[in-house]
Amino acid sequence: MLTHIPALLAGAVSRLVEEAAAGAAARGAPHAAGTAPPPFAAATRLHGCRSPGISVEAYAARLLRYARCSPICFVAAFAYMRRLQTGGAGGRGGPLRVDGLTAHRLMATGLVVATKFFDDKVCGG
């Protein structure tokens, strides 16, 4: 029933990764998707040393299987990722590059935050 949700998320995240790779190529940066960022790039704690061995599509399906959250959480996770990429998060440091080194971690982080916001049951005591 909900198996199309991770496919939609994965497609959208893949487009974000492609946009980042195209932007890096247009600027003449030596960093390509799936490789470590150059030392002068603003690498964050979310950047991996190498791309994970699992595709974005397979990772989104895995998140759906094990996270057990509502479909709105996947939509919100993508909205969080897009907001970080455009720099509209209000944080210091500007936009965050969503590429092959950050996509998987951002998907998981966004899903956790969205699940806490939408699905978490609060016990009033």
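These notebook entries record what I looked up in a predicted model.

**Entry 1: helix H2**

I began with helix H2, which runs over residues 56–67. Its 12 residues reach 16 Å from the first C-alpha to the last, close to the 16 Å expected at 1.5 Å a residue. I then asked which residues of H2 are buried. They are Val56, Tyr59, Ala60 and Leu63. These residues cover an arc of only 100° around the axis, which puts them on the same side of H2. I also looked at what follows the helix: Arg68 comes after H2, and its phi is positive, near 50°.

**Entry 2: helix H3**

I turned next to H3, which spans residues 71–86. H3 has 16 residues and a reach of 23 Å between its first and last C-alpha, close to the 22 Å expected at 1.5 Å a residue. I listed its buried residues as Cys73, Phe74, Ala76, Ala77, Met81 and Gln85. H3 is followed by Gly87, for which I noted a positive phi near 85°.

**Entry 3: Gln85**

I examined Gln85, one of the buried residues of H3, in detail. Is Gln85 buried or exposed, and why? With a relative accessibility of 15%, Gln85 counts as buried, because the cut-off for that class is under 20%. I found a polar contact of 2.7 Å between the side chain of Gln85 and the side chain of Arg82. Setting aside neighbours within four places in sequence, I recorded contacts from Gln85 to Leu16, Glu19, Pro95, Leu96 and Val98.

**Entry 4: salt bridges**

How many salt bridges does a search of the whole structure find? I noted two. Side chains of opposite charge can pair when their charged atoms come close.

One of them joins Glu19 and Arg82, with the closest N and O atoms 3.2 Å apart. Glu19 lies in helix H1 (residues 4–26) and Arg82 in helix H3, so this pair ties together parts that are 63 residues apart in sequence. I checked the exposure of both partners: Glu19 is partly exposed at 42% relative accessibility, and Arg82 is partly exposed at 34%. Both residues had already appeared in my entry on Gln85, Arg82 through a polar contact and Glu19 through a contact.

I then looked up the salt bridge between the side chains of Lys116 and Asp120, which meet at 2.8 Å, N to O. Lys116 is exposed, with a relative accessible area of 53%, whereas Asp120 is partly exposed at 38%.

**Entry 5: aromatic pair**

I searched for aromatic pairs and recorded one in the structure. The ring centres of Phe117 and Phe118 lie 4.9 Å apart and the ring planes stand at 90°, so the pair is edge-to-face. The cut-off I applied for that class is an angle over 60 degrees. Phe117 is exposed, with a relative accessible area of 62%, while Phe118 is partly exposed at 39%.

**Entry 6: Thr102**

Where is Thr102 found? I located Thr102 in the loop between H3 and helix H4, the latter covering 103–118. Its relative accessible area is 0%, and I therefore entered Thr102 as buried. Not counting residues up to four places away in sequence, Thr102 touches Leu46, His47 and Arg97.

Technical notes
Residues numbered from 1 in each chain as written. Predicted model: local features only at pLDDT ≥ 70, side-chain atom pairs only at ≥ 80, totals over all residues. Heavy atoms only, no water. Helix = DSSP H or I, 4+ residues; strand = E, 2+ residues; numbered from the N terminus. Buried < 20%, exposed > 50% of the residue type's maximum accessible area, 1.4 Å probe, protein only. Polar contact = N/O pair within 3.5 Å; in protein donor to acceptor, adjacent residues only side chain to side chain. Contact = heavy atoms within 4.5 Å. Expected span 1.5 Å × (residues − 1). Arc of directions from axis to C-beta. Phe/Tyr/Trp six-rings, centres within 6.5 Å; stacked < 30°, edge-to-face > 60°. Salt bridge = Lys/Arg side-chain N within 4 Å of Asp/Glu carboxyl O.
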